[in-house]
Every structure is written in structure tokens, then in C-alpha cells.
Amino acid sequence: MLLKKQTVWLLTMLSLVVVLSVYYITSPEQKSNELAAVKQEEKADQKEKETKPKTEAKEGDTVISSIAGDEEFEALRLKLQDERSELKEQLNAVVATTDLPAGERSEAVDQMKKLNEIAQKEEMLETLIKAMDYEDALVRADGSTVKIIVKSSKESSKSEANAIIQMVKKEIGETNFVAVEFQPAK
């Protein structure tokens, strides 16, 4: 009887290793050089300290302002991706813990699925905004808040911001607050 318990335990561990290996291989996130990411974050922090908003106009739930920087877009994307990767790793650790009840592990899996859905919606919105003849866009969704930074070579207007807000609310639906910032292209 003892041999059978050991065999079951061994097979369980092997299957867990196989499942985690398949998940790791099929995971869409790309691992980057940690040192390069840290240096880019430091550069982004320095840029944020140096740049200040030039103009600001508020109307309802729309914020329009001008800030400079191509590198800022990439730095913000990297920072958001790193934060989500850390959260996914924490959730994976919760899922892998056998001491926790099944309900908590299931909740962690649901949170991981929600993170993936949010990331996909953000990418889709960025693509849709770029299709509206803008040079670049960065979409960050946090719960019921969506922040959008649009890089445009043309003059920005409130009607364009409202068109973007309506598109976001149509695609995401559960948002209460949408902020749009326009950055002039260099």
C-alpha cells in the first residue's frame, strides 16, 4: 500500500511539472534582460521629473494635456508589463500552493484570466486609436479607470478626445472614468 501512495505522489508531481512547463512555454510574456529594464525605468523616472505639462483643459471626464517623449511610451509600456508579470507570478504561486483551499486558487486563476483580458483589450484599443490616424497610443486600464495617451502630429480637439472616449466605453464597457492626453509628435 505504501508503494502505491508513493507512485501516486510521484505521478502527481510529474504531471504538475508537465503542466507548468506547458504553461511556461505557451506564456505570451517575453522575459527581457532585467538590467536593461531597470536602466530604462531609471531613465523614464528622470524624464518624468524633467518634463512638465504645458497645457491642460478639463471638460467632464476628459483631460487634454501635452507632454513630450517617444521613450516615455516605451518606458510606460515596460513598466506596466513588469507590474503585470510580477502580479502573474504571485498568482501562479498562489495557484501552485496546495495548502490553500480550492476556492482561493480558483479566484487566483480568475484574476490571471482577467489580467490577460485587460491586456488584450488595451492592445486592441491601441490598434484602433492608431487606425484613427494617430502616430502612437498608450492605453492603461486599472479597474474602472482608463488612461489614454495619444501621440498626434495634428492639432488635438475636444471632439477627437470624445470620439476616443466613446470608442473606449463601447469596447470595454465597465469604465466610469476615461482620461485622454494628447502629446505632440516630434
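In what order do the 3 strands of the open sheet stand? I looked this up and found 3-4-5, with mixed pairing.

A note to self on the source: this is a predicted model, where local features need pLDDT of at least 70, side-chain atom pairs count only at pLDDT 80 or more, and totals for chains, interfaces and linings use all residues. Residues are numbered from 1 along each chain as its sequence is written, and side-chain values use heavy atoms, leaving out hydrogens and water.

My terms: strands (E, at least two residues) and helices (H or I, at least four) are DSSP runs numbered from the N terminus. Two strands pair if DSSP finds at least two bridges between them.

Edges: I see strand 3 and strand 5 there, each with a single partner strand, so one side of each has no neighbour in the sheet.

Strand 3 with strand 4: I find residues 136-142 running antiparallel to strand 4, joined by 7 bridges. Ala137 faces Val150, and Asp142 has Thr145 as its bridge partner. In their hairpin, with 2 residues between the strands, Gly143 takes a positive phi near 65°.

Strand 4 with strand 5: here I find parallel pairing over 8 bridges, with strand 5 covering residues 177-184. Lys147 stands opposite Ala179.

Strand 4 itself: I checked residues 145-152, and 6 of the 8 are buried, so the strand is largely enclosed by the rest of the structure. Buried means under 20% relative accessible area (1.4 Å probe, protein chains only).

Methods
Buried < 20%, exposed > 50% of the residue type's maximum accessible area, 1.4 Å probe, protein only.
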